Amino acid sequence: MLALAALPLAALAPAAAQNAGTQIGKESGLPMPRFLSLKADKVNVRAGPSKDHEVVWVFTRAGLPVEVTAEFENWRRIRDSEGAEGWVYHAMLSGRRTALVGSWLKKDGPVALYARRSADSEVKARLESGVLGNIKDCDGQWCRFFSDNFDGFIQQEKLWGVYPGEKAD
């Protein structure tokens with residue numbers, strides 16, 4: 001069962017390695033760094049890579065994107081959208097790609113979500129900084145960004161959870 005669960009992540013490895021960097025994680029064989037998302041509504045973040053280390057904070061929302069920056073056995077060091085880092089047990093992470101509308105855009109007001117991959121297309125919604133959505137089909141400049149409440153295309157540079165220029169399916 002674990003081998004089957006790892007297949008979707010392994011299938012992403014070549015494309016993610018090209019986009020995210022040149023290092024490969026010793027434990028997973030996947031690119032480093034890389035974006036994943038939180039699998040559960042409660043995820044403990046620890047000061048080090050074991051249950052012996054103290055819990056420094058707890059995430060309370062499944063689906064949030066995190067960046068994996070290191071691996072040690074079954075533990076992954078992650079960074080959140082605010083730059084905080086800590087260690088999470090690997091089973092608490094999902095290969096499902098999600099992103100947040102960038103916090104650095106807050107001063108500019110809501111961000112347009114377009115009907116097509118063009119700023120000349122119809123604006124389907126305006127999204128506030130911090131809005132969480134799913135990522136699909138990024139071409140390096142635009143990503144399909146959707147949730148239960150919206151669906152459209154957003155400029156990739158306006159998202160935290162996907163690298164600039166990254167191509168993702």
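**Exercise 1. Place Leu159 in the fold of this predicted model and describe its surroundings.**

Solution. Leu159 sits in strand 17, which covers residues 159–160, where helices (H or I, at least four residues) and strands (E, at least two) are DSSP runs numbered from the N terminus. Before going further, note that this is a predicted model, in which local features need pLDDT of at least 70 and side-chain atom pairs count only at pLDDT 80 or more, while totals for chains, interfaces and linings use all residues. Residues are numbered from 1 along each chain as its sequence is written, and side-chain values use heavy atoms, with hydrogens and water left out.

The next step is burial, for which buried means under 20% relative accessible area, exposed over 50%, and partly exposed in between (1.4 Å probe, protein chains only). Leu159 has a relative accessibility of 4% and therefore counts as buried. Taking contact to mean heavy atoms within 4.5 Å, and leaving aside neighbours within four places in sequence, one finds that Leu159 touches Ala99, Leu100, Val101, Gly102, Trp104, Ile135, Cys143, Phe145 and Ile154. For Cys143, which is 16 residues away along the chain, the C-alpha separation from Leu159 is 8.9 Å.

**Exercise 2. Determine where Gln156 lies, whether it is buried or exposed, and what its side chain approaches.**

Solution. Gln156 belongs to the loop that runs between strand 16 (151–155) and strand 17. Its relative accessibility is 3%, so Gln156 counts as buried. A polar atom of the Gln156 side chain lies 3.1 Å from the backbone nitrogen of Gly140. Beyond four places in sequence, the contacts of Gln156 include Cys138, Asp139, Gly140 and Gln141, as well as Tyr163, Pro164 and Glu166.

**Exercise 3. Count the salt bridges and examine the pairs Glu71 with Arg34, Glu85 with Arg79, and Glu166 with Arg97.**

Solution. Side chains of opposite charge can pair when their charged atoms come close. With a salt bridge defined as a side-chain nitrogen of Lys or Arg within 4 Å of a carboxyl oxygen of Asp or Glu, the count is nine.

1. Glu71 and Arg34 form a salt bridge with an N to O distance of 3.0 Å. This pair links distant parts of the chain, since Glu71 is in strand 6 (residues 65–72) and Arg34 in strand 3 (residues 34–38), 37 residues apart. Both Glu71 and Arg34 are buried.
2. Between Glu85 and Arg79 the closest N and O atoms of the salt bridge are 3.3 Å apart. Glu85 is partly exposed, with a relative accessible area of 39%, and Arg79 is partly exposed at 28%.
3. In the salt bridge of Glu166 with Arg97, the closest N and O atoms are 2.9 Å apart. Glu166 lies in the loop between strand 17 and strand 18 (167–168), and Arg97 in the loop between strand 9 (93–94) and strand 10 (98–101), so the pair ties together parts that are 69 residues apart in sequence. Glu166 is buried, its relative accessible area being 3%, and Arg97 counts as buried at 15%.

Shared partners then join the salt bridges of Glu67, Arg77, Arg79 and Glu85 into one network.

**Exercise 4. State how many aromatic pairs the whole structure holds, and classify two of them.**

Solution. Rings of Phe, Tyr and Trp (its six-membered ring) pair if their centres lie within 6.5 Å, and planes under 30 degrees apart count as stacked, over 60 as edge-to-face and the rest as tilted. The search of the whole structure gives six aromatic pairs.

1. For Trp75 and Tyr89 the ring centres are 5.3 Å apart and the planes stand at 75°, so this pair is edge-to-face. Trp75 is in strand 7 (residues 75–79) and Tyr89 in strand 8 (residues 85–89), 14 residues apart. Trp75 counts as buried at 8% relative accessibility, whereas Tyr89 is partly exposed at 32%.
2. Tyr114 and Trp142 also form an edge-to-face pair, with 5.6 Å from centre to centre and 80° between the planes. Tyr114 lies in strand 11 (residues 111–114) and Trp142 in strand 15 (residues 142–146), so the pair ties together parts that are 28 residues apart in sequence. Tyr114 is buried at 13% relative accessible area, and Trp142 is buried at 9%.

In addition, Phe35, Trp160 and Tyr163 form one aromatic cluster.

Note on methods
Polar contact = N/O pair within 3.5 Å; in protein donor to acceptor, adjacent residues only side chain to side chain.
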